[in-house]
Amino acid sequence: MAITIAAIRGVSSGIRATRDVSEARAVAAPARLEWRVAHVVSVRDETPHARTLVLDVPQWPGHRAGQHVDVRLVAEDGYQAQRSYSIASAPESPNVELTVERLDDGEVSPYLCDVLQPGDGLEVRGPIGGYFVWEIAHGGPLLLVAGGSGIVPLMAMLRHHAAAPREISARTAVRLLYSARTADDIIYANELGRLAEAREVDVQYTLTRTAPADWTGHRRRIDRPLLEHVAWPAAEGARAFVCGPTPLVEHVATLLVELGYDPLQVRTERFGPTGP
Ligand SMILES: Cc1cc2nc3c(=O)[nH]c(=O)nc-3n(C[C@H](O)[C@H](O)[C@H](O)COP(=O)(O)OP(=O)(O)OC[C@H]3O[C@@H](n4cnc5c(N)ncnc54)[C@H](O)[C@@H]3O)c2cc1C
């Protein structure tokens with residue numbers, strides 16, 4: 001049995017992902033929130049800093065758009081590192097896709113982005129979460145606000161919307177405001193461009209660091225005038241999902257409530273401590 005050993009900064013010994021998937025599957029527990037060993041089917045670079053892992057998870061019970069999984073890495077000395085990653089794929093997809101942004105000083109994300117390869121095994125647990133979820137049956141209008149990798153669970157919602165029968169998705173209008181540092185940091189740019197061709201999906205970007213000379217999108221951090229410009233008026237009764245770095249999420253959620261959104265309809269997911 002081959003075993004992956006990856007040096008992880010700050011960890012005395014290597015982190016191990018299970019490489020022999022067939023053996024690992026035999027011991028993977030079937031219960032819903034037990035750890036299972038997923039099989040990496042393929043990887044896809046989304047940006048210079050973000051990679052999608054396409055996973056085949058045995059006995060996957062299915063998920064709802066917006067849910068996440070826990071990922072666990074185990075070192076030879078028993079040290080464990082565990083992180084949460086949102087599910088990027090639609091519930092309709094046969095595989096579970098995770099999109100991970102590499103933090104250069106991080107413990108887990110460099111391993112997932114740089115070391116893990118097709119054929120490797122990866123321990124996952126889930127799906128987790130029942131609050132930050134959206135189903136086509138919930139209807140709209142829908143406001144999605146993302147900062148950085150916070151786009152990931154919102155992408156699952158957009159993909160779920162796109163997978164619905166046309167007569168249903170056409171009744172559910174969606175607006176996405178996506179804040180990224182630079183144009184190169186926009187995850188799923190091509191797919192978002194295609195989705196935006198649908199009349200009921202509006203995609204707007206704002207870049208917070210540098211923008212190309214021909215950039216026609218917004219060029220600042222999300223503030224009240226920008227949100228007023230992009231968001232549905234409160235009277236429309238939209239559901240809002242806000243995801244990304246903690247300061248962005250708290251700022252946007254506060255602004256939406258100030259703009260008259262029902263706090264119960266503003267759902268948030270916080271990924272980490274810094275902003276784009
Ligand atoms: C519910 C949930 C879903 C998530 N989904 C995703 C996802 O889909 N894609 C994704 O890339 N990440 C996601 N995250 C974040 C992820 O769990 C990790 O926190 C992230 O990958 C960093 O882990 P690390 O071990 O590489 O860094 P760590 O070793 O934990 O941290 C390294 C350094 O980066 C800082 N840091 C930690 N997390 C972040 C962050 N998110 N942003 C900026 N700085 C940070 C730390 O303060 C520290 O200075 C999610 C988090 C939660 C709670």
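## Around the ligand and through the sheets

The shell around the ligand is made of eight nonpolar, nine polar and five charged residues. Here Ala, Val, Leu, Ile, Met, Phe, Trp, Tyr, Cys and Pro count as nonpolar, Asp, Glu, Lys and Arg as charged, and the others, Gly among them, as polar.

You're looking at a predicted model, where local features need pLDDT of at least 70, side-chain atom pairs count only at pLDDT 80 or more, and totals for chains, interfaces and linings use all residues. Residues are numbered from 1 along each chain as its sequence is written.

### Exercise: the ligand shell

Work out how many residues surround the ligand and which are closest, then find out where the ligand lies relative to domain 1 and domain 2.

Solution. Start by counting: the ligand has 22 residues around it (near means a C-beta atom, placed from the backbone, within 6 Å of the molecule or strand). The closest are Gly106, Val108, Ser109, Val152 and Gly272.

Next, look at the elements. β6 (80-86), β7 (96-101) and β13 each give two or more residues to the shell. Helices (H or I, at least four residues) and strands (E, at least two) are DSSP runs, numbered from the N terminus. β6 has the largest share, with four residues.

Last, the domains. Domain 1 (3-128) and domain 2 (136-272) both give residues to the shell, so the ligand lies between them. The domain bounds come from an automatic or database domain assignment.

### Exercise: the parallel sheet

Find the order of the five strands in the open sheet with parallel pairing, and say which strands sit at its edges.

Solution. Reading across the sheet, you get β11-β10-β9-β12-β13, with parallel pairing. Two strands pair if DSSP finds at least two bridges between them. β11 (201-207) and β13 (266-272) are the edge strands, since each pairs on one side only. From one strand to the next, the twist averages 10°.

Now zoom in on one pair. β9 (residues 142-147) and β12 (residues 239-245) are parallel and share five bridges. Leu143 has Ala240 in β12 as its bridge partner.

Then add the helices. Helix α3 (residues 151-163) packs on the sheet, where it touches β9, β10 (174-180), β12 and β13 (contact means C-beta atoms, placed from the backbone, within 7 Å). The direction of α3 makes about 155° with that of β10. Angles like this run from 0 to 180 degrees between N-to-C directions, using lines fitted to C-alpha atoms, for helices over the stretch in contact. Helix α7 (residues 246-258) lies across β9, β10, β12 and β13, and runs at about 155° to β12.

### Exercise: strand β8

Decide why strand β8 counts as largely enclosed, and track down its bridge partners for His39 and Asp70.

Solution. Check burial to begin with. Six of the eight residues of β8 (residues 121-128) are buried, so this strand is largely enclosed by the rest of the structure. Buried means 20 or more other C-beta atoms within 10 Å of a residue's own, exposed means 12 or fewer, and partly exposed is in between, with C-beta atoms placed from the backbone.

Now follow the bridges. β3 (residues 36-47) runs antiparallel to β8, joined by four bridges, and His39 pairs with Gly121. β5 (residues 68-75) is also antiparallel to β8, again with four bridges; here Asp70 has Arg125 as its partner.

One more thing sits in β8: Pro127. The peptide bond from Gly126 to Pro127 is cis, with omega near 5°.

### Exercise: unusual backbone spots

Find where Gln59 and Tyr188 sit, and decide whether each is buried or exposed.

Solution. Some background helps: most residues other than glycine have a negative phi, and most peptide bonds are trans.

Take Gln59. Its phi is positive, about 55°, although it's not a glycine. Gln59 sits in the loop between β4 (50-56) and β5, and with 12 C-beta neighbours inside 10 Å it counts as exposed.

Then Tyr188. Its phi is positive too, near 65°. Tyr188 lies in the loop between β10 and α5 (189-195), and it's buried, with 22 other C-beta atoms within 10 Å.

Finish with Pro141, in the loop between β8 and β9. The peptide bond from Gly140 to Pro141 is cis, with omega near 0°.

Key. Contact = placed C-beta atoms within 7 Å.
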